[in-house]
Amino acid sequence: MATSVSICSSFTGTWATSMANEDCAMLVKSVPTQVRLGKPIRSQPMMKNVNEGKGLFAPAVVVVRNIVGKKQFNQLRGKAIALHSQVINEFCKSIGADQKQRQGLIRLAKKNGERLGFLA
């Protein structure tokens, strides 16, 4: 059994009063049909390691970064990552792995580096 609900009704139940049709029409007209919302504010995405400060090697990485400076440290880190990628590529060539397997190994190396604290 389907029932319908009407905004304008002549309800005279236990409630003290009911709305007259004119009052109901005025109420319906006063309700805005469109609601304007401002532009949503989005924060800038940050490339940040979720395991920052965690891991076995994180304290050593932070100490080295503070000693040599951030710019030189990032250059050194870039060289180390490039060298490690070359080692992975040479390993994949020697065992005959295809490009997809090579990319998977590089992703795995990055994930392991994050967990161990090398990217702190």
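**Figure 1. Helix α3 supplies the largest share of the lining of the largest pocket, eight residues.** The model shown is predicted. The pocket has a volume of about 430 Å³. Its lining comprises 17 residues, and those closest to the centre are Ala80, Ile81, His84, Phe118 and Leu119. Two elements, α3 (70-95) and α4 (99-116), each give two or more residues to this lining.

**Figure 2. Chemical make-up of the lining of the largest pocket.** Nonpolar residues number 11. Four lining residues are polar. Two are charged.

**Figure 3. A salt bridge within helix α3 joins Lys93 and Glu90.** The N to O distance between the two side chains is 4.0 Å. Lys93 and Glu90 sit three residues apart in α3, about one turn of the helix. Lys93 has 55% relative accessibility, so this residue counts as exposed, the cut-off being over 50%.

**Figure 4. A salt bridge within helix α4 joins Lys110 and Glu114.** Here the side chains meet at 3.5 Å, N to O. Four residues separate the positions of Lys110 and Glu114 along α4, about one turn of the helix. The partners fall into separate accessibility classes. Lys110 is exposed because its relative accessibility is 51%, and exposed means over 50%. Glu114 has a relative accessible area of 18%, so Glu114 is buried, the limit being under 20%. With this pair, the count of salt bridges in the model comes to two.

How values were computed: Residues are numbered from 1 along each chain as its sequence is written. This is a predicted model: local features need pLDDT of at least 70, side-chain atom pairs count only at pLDDT 80 or more; totals for chains, interfaces and linings use all residues. Side-chain values use heavy atoms; hydrogens and water are left out. On a 1 Å grid over the protein atoms alone, a cavity is a set of points where a 1.4 Å probe fits but cannot get out, and a pocket is an open set with protein on both sides within 12 Å along at least five of seven lines; lining residues have an atom within 4 Å of a point. Grid points are joined across faces, edges and corners, and a volume is the space filled by probe spheres set on the points. Ala, Val, Leu, Ile, Met, Phe, Trp, Tyr, Cys and Pro count as nonpolar, Asp, Glu, Lys and Arg as charged, and the others, Gly among them, as polar. Buried means under 20% relative accessible area, exposed over 50%, partly exposed in between (1.4 Å probe, protein chains only).
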